[in-house]
Amino acid sequence: MRGPLAGSARLLVLVACACSRALSSGAHEWRHPPQRIAVIGAGIGGTSAAYFLRQKFGKDVQIDVFERGAVGGRLATINLEGEDYEAGGSVIHPLNLHMKHFVKELGLSVPKSQGGLMGIYNGDEFVFEESSWYVWNIVKLIWRYGLNPLRMYMWVEDILDKFMRIYQYQAHDFAFSTSEDLLHALGGAEFLQLLNQTIDESMQKSGFSQKFINEMVTAVMRVNYGQGTNINGFVGAVSLAGADSGLWSVEGGNKLVCTGLLYASKAQLISGAVISIEEKIRQKGRSGGGTLKQYEVTYNSTSGLGRDAYDIILIAAPMNRKSANIAFLNFSPPIPEFSNPYQQAVATFVHGRINASFFGYQDPSDFNLNGIFTTENPKLFIASMGIVSPVKDRKAALNPLPGPRVWKISSLQPLTKEQMNLLFLSYDSNTVKTWQAYPRYSPPEKCPPIILHRRMYYLNSIEWAASAMEMSAVAAKNAALLAYHHWYENMDMIDQEDLHERLKTEL
Ligand SMILES: Cc1cc2nc3c(=O)[nH]c(=O)nc-3n(C[C@H](O)[C@H](O)[C@H](O)COP(=O)(O)OP(=O)(O)OC[C@H]3O[C@@H](n4cnc5c(N)ncnc54)[C@H](O)[C@@H]3O)c2cc1C
Ligand SMILES: *[C@@H]1O[C@H](CO)[C@@H](O)[C@H](O)[C@H]1NC(C)=O
Ligand SMILES: *[C@@H]1O[C@H](CO)[C@@H](O)[C@H](O)[C@H]1NC(C)=O
Ligand SMILES: *[C@@H]1O[C@H](CO)[C@@H](O)[C@H](O)[C@H]1NC(C)=O
């Protein structure tokens, strides 16, 4: 019989349920998977984030990726005389395991980039020049720099070894809530120290000669980051690793990794610029189910302004005004502004014949370099130049002579006609791409936060430690894991100490 008591008992149960739900407010609701996640930016950071988010959160969550320009971001090609060349991020290190995994998973092909002969020009002469005779190069290196080159190789190797711990941590799903915490987990105080000082100071302290630093190390910093040895020690070491052998690129263009990851993640691409993000609090359901906190994203697309609500947001674009320029509305405390400057870099592609006498060659027919690096000298208006091959034909011959070749010139400012006429005897076409390329480093470096708000994450924080494709992929996996662990309250998977020791004994 269903008397009045039975009824009120039912009511009590209902009330109890509602109460416990309200009490455990956060904890309870988040056990359901999120419904919608937004990723802002479809460069390698954003597209790999979409890929890792799908892995972690499963097939039901809707993932929207916003992109205001072309998918690939700083991975892009440029066309010259019917061929495409890599205009942004170009080479990938053999130990960049995320990038390696992506190309394998996506079935892309990856020819090794062809090494050629390079020389270091100081504005007056070549202080070091490779020849086609390998043994002679070694002799010349030792003659000029002693054991510095070999020691540098070991110094970088040691840093790289520690850096590679990230793959083991991430394979075990561990995440870090700041870029500094992540670096500390890899290389302890030594890595944080690298952020605090210049590569010049770091290498001096390790006993490298000033001559070696001013010539070889400077040349590598300029070719990779358009800056000198005053950049922080960590990005400096990453840059030196980028001078290793075995570097590779993706046939057809590195940006194919981004389009591939986007497709593999089954995310929806929304072509438009995100203008603002606002926190919205909604009543959940009718029966007093508590509140639901979401982010409302406003974006500008070809079909006008759009608006959508998301549970989680990952920002995968540099957040300074010149770049993403997103307004954060009604956050308290407010989301900080990042005014940290990015370094402009200009890539000029020229089909022409190099003027070897500009580089001090008496007899231009002696010139056989296909890469020219430079040291710091105010009268030098280029950072580097080198012969490049098309992305569809990476193995194309790189011989500098005879005849015209396609050269890529890196400089901070666009080249003037006069400068072009100095560099080239003649040229028939050229094309230019200007980038807000990478942070303008100035240690002691403080990385911006990764966690901008409860469930809003900033991937490009890591660029302030070092900007590279693999770093964006590492940040993407970290942010996907952080978002996942916050959502499901797995706090024991975040910022764990002594991971290296713990994972060692676990094996
Ligand atoms: C000239 C050059 C050479 C380089 N060489 C190398 C190299 O050899 N090896 C290497 O590893 N790295 C290299 N790098 C660095 C590497 O390219 C970058 O670190 C990496 O591509 C950054 O990827 P990302 O996804 O983090 O950012 P990005 O590629 O910048 O992606 C951000 C994306 O967000 C979009 N976006 C921004 N704001 C909004 C908004 N409000 N709404 C919607 N979309 C928005 C942008 O259009 C962009 O597509 C080089 C970089 C440059 C510029
Ligand atoms: C790095 O410098 C900051 C201040 O700029 C300081 O707080 C921090 O302790 C330093 N870290 C190391 C490892 O030296
Ligand atoms: C949206 O984009 C259009 C075209 O690029 C531009 O004219 C307009 O000002 C943008 N609107 C906002 C609100 O930014
Ligand atoms: C080549 O370089 C030399 C030396 O700097 C310069 O005098 C000359 O004008 C340049 N251009 C040509 C076309 O020779």
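## Ligand 2 and its neighbours

In this predicted model, an N or O atom in the side chain of glutamine 193 sits 3.0 Å from an oxygen atom of ligand 2. Asparagine 196 also joins in: one of its polar side-chain atoms is 2.4 Å from an oxygen atom of ligand 2. On its own, ligand 2 has 360 Å² of accessible area, and the protein covers 37% of that.

Who makes up the surroundings? Leu192, Gln193, Asn196 and Pro444 do. Sorted by class, that shell splits into two nonpolar and two polar residues, with no charged ones.

## Ligand 1: polar contacts and burial

Now for ligand 1, where the backbone does some of the talking. A backbone N or O atom of valine 91 lies 2.8 Å from a nitrogen atom of ligand 1. Alanine 324 offers a backbone N or O atom too, at 3.1 Å from a nitrogen atom of the ligand. With isoleucine 44, the partner on ligand 1 is an oxygen atom, 3.1 Å from a backbone N or O atom of that residue.

How much of ligand 1 does the protein bury? Taken alone, ligand 1 exposes 1,000 Å², and 91% of that is buried by the protein.

## Ligand 1: who lines the shell

Several elements give two or more residues to the shell around ligand 1. On the helix side they are α3 (44-57) and α14 (469-487); the strands are β2 (62-67), β7 (268-283) and β16 (424-439).

There are 35 residues around ligand 1, and the ones that come nearest are Gly45, Glu67, Arg74, Val91 and Val274. By class, the shell has 19 nonpolar residues, 13 polar and three charged.

## Where α3 meets α14

The two helices that contribute to the ligand 1 shell, α3 and α14, also meet each other. Their axes come within 8 Å and cross at roughly 35°. Is the crossing left-handed or right-handed? For α3 and α14 it is right-handed.

From α3, the contact takes in Ile44, Gly45, Ser48, Ala49, Phe52, Leu53, Lys56 and Phe57. The α14 side brings Met469, Ser472, Ala473, Ala476, Lys477, Ala480, Leu481, Ala483, Tyr484 and Trp487. Counted by class, the contact has 13 nonpolar, three polar and two charged residues. Two of the α3 names should ring a bell: Ile44 and Gly45 belong to this contact, while Ile44 also has the backbone atom 3.1 Å from an oxygen of ligand 1 and Gly45 is among the residues that come nearest to ligand 1.

Note on methods. Residues numbered from 1 in each chain as written. Chains lettered and ligands numbered in written order. Predicted model: local features only at pLDDT ≥ 70, side-chain atom pairs only at ≥ 80, totals over all residues. Heavy atoms only, no water. Near = heavy atom within 4 Å. Polar contact = N/O pair within 3.5 Å; in protein donor to acceptor, adjacent residues only side chain to side chain. Areas by Shrake-Rupley, 256 points an atom, 1.4 Å probe, with all protein chains shown as cover. Helix = DSSP H or I, 4+ residues; strand = E, 2+ residues; numbered from the N terminus. Nonpolar A, V, L, I, M, F, W, Y, C, P; charged D, E, K, R; others polar. Axes fitted to C-alpha atoms, helices over the stretch in contact; angles between N-to-C directions. Left-handed = near helix turned anticlockwise from the far one by under 90°. Contact = heavy atoms within 4.5 Å.
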